[in-house]
Amino acid sequence: MRQPLTTVTPQPPHLSPSSRLRSSRGCPIRLPEAPLSPLQTPGRLPIPVQATASGTAGGLARFNALPRETAELTLHTCCRSHAWARRVAAHRPYPNLDALLAAADEAAYDLAPADITEALMGEKQSLPPSPAGYPAAALTALVAAHSAYETRFGHPFVICLDDIAPGEALDHLLAGLRTRLGHDPLHERELAAEELRRLARGRLARLTRRETGRETGINSPYVPV
């Protein structure tokens with residue numbers, strides 16, 4: 001006796017969250033999975049190559065189109081690690097700012113100790129906005145605290161002030177210096193690496209905002225980029 005035939009309904013291919021975009025009318029647009037790029041770091045999974053969305057324009061589009069060396073030099077102003085700049089530049093194009101910032105975060109988390117040292121030593125002394133408007137005694141205390149910090153830890157004090165109001169920046173700087181001077185070197189190194197990551201995110205966002213003329217909601221009162 002013949003067995004009855006079973007009808008199989010073809011299933012649509014799996015789509016990851018990153019492959020779901022929306023049109024200008026809010027309707028989902030489904031794109032195939034982006035291919036993977038070659039491994040950049042031995043022993044680690046590759047970062048997927050980013051598919052360029054049709055709406056990408058302005059500063060991000062120009063950044064995506066930069067020659068590799070120029071892109072790396074631009075990124076080096078955001079984080080003073082050559083390894084970080086090379087990795088972020090290698091995974092262009094980015095469809096949007098969120099994708100760029102996610103790649104920047106991952107590259108920052110993967111920095112080797114020597115790369116963190118390089119990035120820290122490339123930072124300038126953190127100062128509040130318009131330092132001339134602050135009392136001389138407060139600025140003298142800030143310079144002294146910076147000196148004590150660098151003597152103890154061997155690198156400049158770094159802190160991201162993107163979420164701090166300009167009028168509160170000096171107090172925040174002084175409080176951060178006093179607190180972190182009491183840390184052991186290993187703990188302080190971890191905190192400094194996290195501040196580098198946050199600084200890089202803010203600088204990348206401002207870089208894109210300057211090129212597109214759009215606000216990003218990030219405006220550090222200290223970062224000079």
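A salt bridge here is a side-chain nitrogen of Lys or Arg within 4 Å of a carboxyl oxygen of Asp or Glu. By this rule the structure has 11 salt bridges. The general idea is simple: side chains of opposite charge can pair when their charged atoms come close.

Before we look around, a word on what you have in front of you. This is a predicted model, in which local features need pLDDT of at least 70 and side-chain atom pairs count only at pLDDT 80 or more, while totals for chains, interfaces and linings use all residues. Residues are numbered from 1 along each chain as its sequence is written, and side-chain values use heavy atoms, with hydrogens and water left out.

**Salt bridges**

Two more terms help here. Helices (H or I, at least four residues) and strands (E, at least two) are DSSP runs, numbered from the N terminus. A residue is buried if its relative accessible area is under 20%, exposed if it is over 50%, and partly exposed in between (1.4 Å probe, protein chains only).

Here are three of the salt bridges:

| Pair | Closest N to O distance |
|---|---|
| Glu123 and Arg203 | 3.0 Å |
| Arg198 and Asp163 | 3.7 Å |
| Glu195 and Arg198 | 3.5 Å |

Start with the salt bridge between Glu123 and Arg203. Glu123 sits in the loop between helix H5 (113-121) and helix H6 (136-153), and Arg203 sits in helix H8 (residues 185-212), so this pair ties together parts that are 80 residues apart in sequence. Glu123 is buried, at 8% relative accessible area, and Arg203 is buried too, at 2%.

Now for Arg198, which pairs with Asp163 and also with Glu195. The link to Asp163 joins distant parts of the chain: Arg198 is in helix H8 and Asp163 is in the loop between H6 and H7, 35 residues apart. The link to Glu195 stays within helix H8, where the two residues are three places apart, about one turn of the helix. In general, an α-helix has 3.6 residues a turn, so residues three or four places apart point the same way. Is each of these residues buried or exposed? Arg198 is partly exposed, with 26% relative accessibility, Asp163 is exposed at 69%, and Glu195 is buried at 12%.

Salt bridges can also join up into a group: Asp105, Glu194, Arg197 and Arg201 are linked in a network of them.

**Helices with two sides**

Helix H7 covers residues 169-181, and at 1.5 Å a residue its 13 residues should span 18 Å; the end C-alpha atoms are 18 Å apart, so the two agree. (The expected span is 1.5 Å times one less than the number of residues.) Which residues of H7 are buried? They are Ala169, Leu170, Leu173, Leu174, Gly176, Leu177 and Arg180. These cover an arc of only 160 degrees around the axis, so they lie on the same side of H7; the arc is that of the directions from the helix axis to the C-beta atoms. The face turned away from that side carries exposed Asp171 and Arg178.

Helix H2 can be read in a similar way. Its buried residues are Ala71, Glu72, Leu75 and His76. They span an arc of only 135 degrees around the axis, which means they are on the same side of H2. On the other side, Glu69 and Leu73 are exposed.

Let's zoom in on Glu72, which is part of helix H2 (residues 68-76). Glu72 counts as buried at 16% relative accessibility. Leaving aside neighbours within four places in sequence, Glu72 is in contact (heavy atoms within 4.5 Å) with Ala85, Arg86 and Ala89.

**Ser81, just before H3**

Ser81 lies in the loop between H2 and helix H3 (82-90), and Ser81 is buried, with a relative accessible area of 0%. A polar atom of the Ser81 side chain lies 3.4 Å from the backbone nitrogen of Ala83 and one lies 3.1 Å from that of Trp84. Not counting residues up to four places away in sequence, Ser81 touches His76, Leu111, Asp115, Glu118 and Ala119.

**Cysteines**

How many disulfides are there? A disulfide is a pair of cysteine sulfur atoms within 2.5 Å, and by this rule the count is zero. Cys78 is in no disulfide, and the nearest cysteine sulfur, that of Cys79, is 8.5 Å away. Cys78 is buried at 0% relative accessible area, and Cys160 is buried at 4%.

Methods: A polar contact is a pair of N or O atoms within 3.5 Å; within protein, one must be able to donate a hydrogen and the other to accept it, and residues adjacent in sequence count only if both atoms are side-chain atoms. The expected span of a helix is 1.5 Å times one less than its number of residues.
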